[in-house]
Amino acid sequence: MDAYMHAHLADRYDLISATISQGTLFRIEAALAALAALLVLAWRRAPADAFAWLVAAGGLAAVLVYRYLDVGELGPLPNMYEPIWFSDKNIVVIAQALTIAATTVLLLTGRRRRRRFA
């Protein structure tokens with residue numbers, strides 16, 4: 001859901017730009033979230049779970065920081081302050097929080113899918 005929503009919203013944020021546009025950052029987040037999902041599903045290892053956790057936690061932190069703090073431009077990053085909540089943002093926050101919870105469980109339990117050989 002995180003990957004889809006960021007890819008879906010990216011073009012709306014292309015005009016918010018410093019050196020890098022916010023739309024480009026959304027596309028990067030979408031690509032990282034899609035890669036994380038594929039790794040967790042296909043490569044069932046702790047590094048994949050940790051990568052997914054980091055992508056979700058970083059994305060959630062960015063949403064919350066730029067929702068509540070006007071930090072301005074940071075180097076090549078544009079000012080992404082957006083002090084409102086809307087349904088797409090709510091969906092992303094929920095998806096990221098659920099991903100953090102699920103990957104935390106995976107990392108703490110260390111349970112892995114075992115392949116059975118006939």
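Let me start with the contact between helix α3 and helix α4 in this predicted model. On the α3 side, the residues involved are Ala-46, Asp-49, Ala-50, Ala-52, Trp-53, Ala-56, Ala-57, Gly-59, Leu-60, Val-63 and Arg-67. Their partners in α4 are Lys-89, Val-93, Gln-96, Thr-99, Ile-100, Thr-103, Thr-104, Leu-106 and Leu-107. Sorted by class, this contact comprises 12 nonpolar, five polar and three charged residues.

As to geometry, α3 covers residues 46-68 and α4 covers residues 87-109. Their axes come within 8 Å of each other and cross at roughly 145 degrees. The crossing of α3 past α4 is left-handed.

Allow me now to place this pair in the whole chain. The protein chain contains four helices and zero strands, and its order from the N terminus is accordingly α-α-α-α. The C-alpha trace spans about 55 × 25 × 20 Å along its principal axes. The chain has 118 residues, of which 35% count as buried. Turning to contacts between residues with a separation of 6 or more, 58% of them join residues 24 or more positions apart.

I come next to the pockets. How much space lies in the largest pocket? The volume is about 500 Å³. The lining of this pocket consists of 23 residues, and those closest to its centre are His-6, Phe-26, Gly-59, Ala-62 and Val-63. Two of these names have already been mentioned, since Gly-59 and Val-63 also belong to the α3 side of the contact with α4. Which helices supply the lining of the largest pocket? At least two residues each are supplied by α1, at 2-9, by α2, at 22-42, and by α3 and α4. By class, 15 of the lining residues are nonpolar, four are polar and four are charged.

The second largest pocket has a volume of about 290 Å³. Here 16 residues form the lining, and Ala-33, Ala-36, Ala-37, Ala-52 and Thr-99 are the closest to the centre. Once more the helix contact reappears: Ala-52 is listed on its α3 side and Thr-99 on its α4 side. For the second largest pocket, too, α1, α2, α3 and α4 each provide at least two lining residues. The classes in this lining are 13 nonpolar, two polar and one charged.

To conclude, I would ask you to keep both pockets in view together with the helices. Each of the four helices contributes at least two residues to the lining of the largest pocket, and each does so for the second largest pocket as well.

How values were computed:
Residues numbered from 1 in each chain as written. Predicted model: local features only at pLDDT ≥ 70, side-chain atom pairs only at ≥ 80, totals over all residues. Heavy atoms only, no water. Axes fitted to C-alpha atoms, helices over the stretch in contact; angles between N-to-C directions. Left-handed = near helix turned anticlockwise from the far one by under 90°. Contact = heavy atoms within 4.5 Å. Nonpolar A, V, L, I, M, F, W, Y, C, P; charged D, E, K, R; others polar. 1 Å grid on protein atoms, 1.4 Å probe; cavity = no way out; pocket = protein on both sides within 12 Å on 5 of 7 lines; lining within 4 Å. Points joined across faces, edges and corners; volume = space filled by probe spheres on them. Buried < 20%, exposed > 50% of the residue type's maximum accessible area, 1.4 Å probe, protein only.
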